[in-house]
Amino acid sequence: MPAVSKGDGMRGLAVFISDIRNCKSKEAEIKRINKELANIRSKFKGDKALDGYSKKKYVCKLLFIFLLGHDIDFGHMEAVNLLSSNKYTEKQIGYLFISVLVNSNSELIRLINNAIKNDLSSRNPTFMCLALHCIANVGSREMAEAFAGEIPRILVAGDTMDSVKQSAALCLLRLYKTSPDLVLMGEWTSRVVHLLNDQHMGVVTAAISLITCLSQKNPDEFKTCVSLAVSRLSRIVSSASTDLQDYTYYFVPAPWLSCKLLRLLQCYPPPEDGAVKGRLVECLETILNKAQEPPKSKKVQHSNAKNAILFEAISLIIHYDSEPNLLVRACNQLGQFLQHRETNLRYLALESMCTLASSEFSHEAVKTHIETVINALKTERDVSVRQRAADLLYAMCDRSNAKQIVAEMLSYLETADYSIREEMVLKVAILAEKYAVDYSWYVDTILNLIRIAGDYVSEEVWYRVIQIVINRDDVQGYAAKTVFEALQAPACHENMVKVGGYILGEFGNLIAGDPRSSPLVQFNLLHSKFHLCSVPTRALLLSAYIKFINLFPETKSTIQEVLRSDSQIRNSDVELQQRAVEYLKLSSIASTDVLATVLEEMPPFPERESSILAKLKKKKGPGAVSVNELEEGKREGGELNGGGERGGDSSSTPSPSADLLGLRAGPPVTAAAPSAGSLLVDVFSEAGVNDDGFLSEFSRFVCKNNGVLFENQLLQIGIKSEYRQNLGRMYLFYGNKTSVQFVTFTTTLNVQAKPVEPLIEGGAQVQQVINIECLTDFSDAPLLNIKFRYGGALQNLTLKLPVTINKFFQPTEMASHDFFQRWKQLSLPQQEAQKIFKANHAMDTEVLKAKLLGLGMALLENVDPNPENFVCAGVIQTKAQQVGSLLRLEPNAQAQMYRLTVRSSKDTVSKRLCELLAEQF
Amino acid sequence: MIKAILIFNNHGKPRLSKFYEHYTEDTEQQIIRETFHLVSKRDENICNFLEGGLLIGGSENKLIYRHYATLYFVFCVDSSESELGILDLIQVFVETLDKCFENVCELDLIFHMDKVHNILAEMVMGGMVLETNMSEIITQAEAHNKMEKSEVRAALLRSD
């Protein structure tokens with residue numbers, strides 16, 4: 001046996017490794033390895049029994065080969081045989097091979113278990129530890145079944161050696177993690193807690209990991225660990241740096257154990273026992289104080305260990321969130337670290353501050369560091385630190401600083417690392433929506449986002465901006481104008497084209513008055529991008545085109561030509577071809593009325609949790625966006641809000657056969673006039689209608705017909721309505737937002753209505769149709785009372801239906817001369833109503849126009865000598881009479897005021913119109 | 001919990017890999033490559049923490065590493081571990097290796113893989129820390145060495 005004389009080294013192994021290292025190419029290496037594998041295989045298969053030394057040598061070679069990334073498909077049996085050797089060397093190498101190479105599903109487990117059983121009962125601490133290590137490393141279910149009962153006994157037995165106890169504790173932990181059902185709590189559990197008091201610090205170190213895990217799962221059973229942990233911590237923290245001898249690391253007493261103790265305490269609320277709590281607060285204060293003391297060593301390891309404890313202490317303080325004093329100290333300490341020269345500390349400080357930002361005690365204190373954090377975002381060299389800075393900015397954002405933070409994040413996006421762009425985009429989008437005070441800022445921000453980082457703007461983001469624009473009529477005109485401008489850029493991102501196509505298709509009419517954005521200009525602009533776009537975008541554009549035909553009949557022939565061209569109607573893509581064919585046909589055979597119905601403006605989207613939020617959560621895991629959950633009223637589980645059939649929407653709106661004439665076949669409708677409704681009025685006397693409460697929702701519908709009328713946690717009521725002459729039809733959609741049935745659902749109206757389904761399933765929606773006839777002019781809106789049972793509790797709700805006199809307007813076009821002639825005819829003082837009021841919204845011409853059009857009157861161009869002013873004309877159709885009305889709105893941009901004058905043939909109408917409109921601008 | 005401990009050199013050659021969760025052999029090799037790719041492109045003197053690669057759990061896990069001369073020591077851990085604590089642990093591991101091998105270098109890790117595994121096993125077991133006291137770890141390692149030597153001697157005597 002010559003090789004052995006070389007001491008503990010193995011010559012054959014050394015030679016083999018040197019050979020491999022000398023290989024000049026990958027091929028040569030593989031060749032050498034294959035040669036060696038063949039050699040070892042023949043040795044293992046050979047008749048001559050191998051001695052322990054040779055086995056060890058070959059197993060080491062196999063391990064080396066495995067480390068280089070080559071599969072090893074033999075040698076397992078030999079390794080298992082080594083386990084039963086009596087020699088430490090052989091046994092140890094066998095266990096090593098198994099823990100590296102045997103996975104938990106191996107068929108050999110039964111054999112291995114036998115060997116382990118023998119070693120556990122051997123009473124040889126070295127062998128016991130090897131066996132325990134093997135169980136902990138493999139951790140399979142079969143092993144748990146075999147040993148879950150045995151190991152707790154070893155752990156708490158009085159005569160077990162410390163080193164074995166340590167191994168047993170971690171071995172049990174591993175089994176508990178893989179098969180918690182097999183580790184039964186018992187008499188041993190209370191004794192495990194007392195290991196925190198063990199004399200041997202190594203035992204405490206191992207046991208605390210086990211106790212922490214068990215406490216997380218069974219907090220009550222292990223509650224006693226809190227006081228034990230506090231006293232242990234207190235002994236360590238107050239000890240001199242030499243007391244703990246070998247557990248002192250660079251002058252810091254037992255840093256690892258201190259960290260673990262502080263982590264264990266984070267599994268529990270603050271201690272109830274005053275004495276324990278006092279002692280703990282003392283510890284935390286000592287730790288904070290020590291941070292201010294001069295360092296005992298200049299070595300980085302010293303400050304490293306000290307700060308490890310400090311950060312855990314701060315985490316515990318944040319976890320308790322109950323000691324304002326300590327929280328402020330923690331925040332100040334982190335503030336110091338934000339500017340520290342050690343990058344690691346800056347990183348951790350940013351990370352801890354993120355959690356601190358969500359505490360109400362410290363949110364304001366965190367906000368004072370905004371400039372430092374913005375600076376970190378701009379100047380840190382390390383992307384992981386910049387990422388933490390971005391997270392913190394997101395966490396500290398609130399209404400007061402949203403504009404600044406969003407602007408900084410946007411400008412950072414231009415240079416941001418590719419790896420974090422998508423997440424940054426999501427965050428900007430969420431903040432912009434959450435803290436939008438005026439929605440034009442929101443639209444600007446999102447369009448900027450698409451401009452700067454279009455590739456990283458996921459579908460959720462641009463779906464969301466469209467949802468918001470559709471649901472908020474005050475921003476539609478602005479959005480149309482802004483996308484129109486954005487599309488002017490010679491190279492704009494495809495996502496911009498999508499948003500542009502969608503918004504112009506819906507609201508292009510709002511900017512069509514300006515010759516620079518006339519219908520044809522809009523169309524040509526969109527179509528100039530068409531050829532550069534992918535199929536889904538082209539499909540969306542085709543839908544926008546057909547919507548254009550409805551919005552602007554004058555574009556019909558141009559668009560039909562485009563649809564008819566071979567590149568559309570014979571496109572190789574089925575979807576495009578189908579759309580081209582269908583849209584072409586639709587535009588040529590359907591009457592304007594039918595077109596108007598089919599291609600009607602999209603109804604508002606139901607309000608749900610922003611899909612972006614869900615995406616960010618998915619991306620970052622639950623912890624990272626915890627701050628966001630502070631947000632009120634946002635619910636879990638949102639997914640794409642109706643995003644699926646984007647582009648195809650126009651074809652999914654009601655079929656053309658839903659003709660408006662069916663209206664007359666409906667049951668006789670009563671007027672919304674108050675006199676007609678008085679029969680039922682007493683029903684509402686107890687309901688206590690709060691005018692102010694509903695005013696804003698109600699007034700939103702003066703200039704539009706569709707939208708969400710009411711929403712609370714249970715119920716959402718959406719409205720779609722259409723009016724023609726003195727008739728109207730209103731669809732009410734009652735959506736159950738909960739997962740529970742609403743029963744005995746009834747609605748009563750002080751006018752007649754078709755009854756509604758008495759039952760609304762969880763998550764379902766039912767529809768109610770109300771036919772309306774205007775008998776005479778009126779000023780009070782009909783009231784709708786809704787009663788239902790939700791889980792036994794009776795819910796009672798009274799709402800004003802948004803039926804206003806202006807809904808029955810027929811627009812009247814007239815020339816300047818005619819207008820002023822009629823204006824003069826209506827010169828009786830009571831025929832005129834006038835109001836001067838302050839602007840509530842931005843004085844945007846396009847928005848104003850959109851609102852006036854929504855009012856139902858004709859908006860007359862070139863009538864008023866002053867181009868700033870708006871004049872409108874219309875006739876209100878009631879059954880009794882027709883009431884002609886003229887309107888003049890004079891904005892004064894400087895004073896942010898309006899003067900509104902309404903003249904009509906009936907004084908009550910003038911007055912009511914004036915009231916209604918004054919709230920709109 | 002520590003999910004994996006990896007040591008590789010400046011060229012990405014693995015010198016030790018220890019996984020405390022089960023992955024297929026292919027995945028393990030990919031994780032090593034991915035981790036090397038993530039760590040090696042980073043400048044010196046920047047932060048020692050970064051998010052893990054996708055294979056090992058992405059943002060759920062952190063890579064905590066130190067770079068010594070020709071070797072990277074990388075610990076992949078979940079959020080239950082203290083970052084600075086793990087940095088200390090790496091330091092303890094390296095100092096222990098240094099004491100056991102007397103000025104440890106890359107070659108020691110190559111030729112004494114089994115010993116490196118043994119020393120590591122004294123510190124970390126099943127992904128949890130067993131012992132942080134350097135002298136205790138060294139004592140154990142020396143005891144094992146002694147046992148090994150005496151067995152070898154015994155074998156020699158027998159064969160004489």
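Okay, let's start with one bit of vocabulary: two strands count as paired if DSSP finds at least two bridges between them. And strands of a sheet pair through backbone hydrogen bonds, either parallel or antiparallel. Keep that in mind, and remember that what you're looking at is a predicted model.

So, chain B. Find the open sheet of five strands there, in the order β2-β1-β5-β4-β3, with antiparallel pairing. Which strands stand at the edges? Those are β2 (14-19) and β3 (49-51) of chain B, and each has a single partner strand, so one side of each is left without a neighbour in the sheet. On average, neighbouring strands here are turned by 20° against each other, ignoring direction. Now zoom in on strand β4 (residues 62-68) and strand β5 (residues 71-77) of chain B: they run antiparallel, joined by seven bridges. If you want one to click on, Tyr68(B) has Leu71(B) in β5(B) as its bridge partner.

Over to chain A, which has an open sheet of four strands, in the order β3-β4-β5-β7, again with antiparallel pairing. The edge strands this time are β3 (707-711) and β7 (765-773) of chain A, each pairing on one side only. From one strand to the next, the twist averages 25°. In the middle of that order, strand β4 (residues 715-724) and strand β5 (residues 727-736) of chain A run antiparallel, with 10 bridges between them. One example: Gln716(A) has Gly735(A) in β5(A) as its bridge partner.

Next, how do the chains meet? The contact involves 77 residues from chain A and 69 residues from chain B. Together they bury about 6,100 Å², and carbon and sulfur atoms give 53% of that. On the chain A side, Leu67(A), Tyr88(A) and Trp256(A) lose the most area to chain B, together 12% of what that side buries.

What about charges? Eight salt bridges cross the interface of chain A and chain B. One I'd show you joins Asp43(B) to Arg381(A), where the closest N and O atoms are 3.5 Å apart. There are also 25 residue pairs in polar contact between the two chains. Sorted by class, the side of chain A that touches chain B has 34 nonpolar, 25 polar and 18 charged residues.

Counting over all chains, we get 44 salt bridges. One within chain A links the side chains of Lys26(A) and Glu29(A), at 3.6 Å from N to O. Both residues lie in helix α2 (residues 26-45) of chain A, three residues apart, about one turn of the helix.

How values were computed:
Residues are numbered from 1 along each chain as its sequence is written. Chains are lettered from A and ligands numbered from 1 in the order in which they are written. This is a predicted model: local features need pLDDT of at least 70, side-chain atom pairs count only at pLDDT 80 or more; totals for chains, interfaces and linings use all residues. Side-chain values use heavy atoms; hydrogens and water are left out. Contact means heavy atoms within 4.5 Å. Buried area is the accessible area (1.4 Å probe) that two parts lose on being put together, summed over both. A salt bridge is a side-chain nitrogen of Lys or Arg within 4 Å of a carboxyl oxygen of Asp or Glu. A polar contact is a pair of N or O atoms within 3.5 Å; within protein, one must be able to donate a hydrogen and the other to accept it, and residues adjacent in sequence count only if both atoms are side-chain atoms. Ala, Val, Leu, Ile, Met, Phe, Trp, Tyr, Cys and Pro count as nonpolar, Asp, Glu, Lys and Arg as charged, and the others, Gly among them, as polar. Helices (H or I, at least four residues) and strands (E, at least two) are DSSP runs, numbered from the N terminus. Axes are lines fitted to C-alpha atoms, for helices over the stretch in contact, and angles run from 0 to 180 degrees between N-to-C directions.
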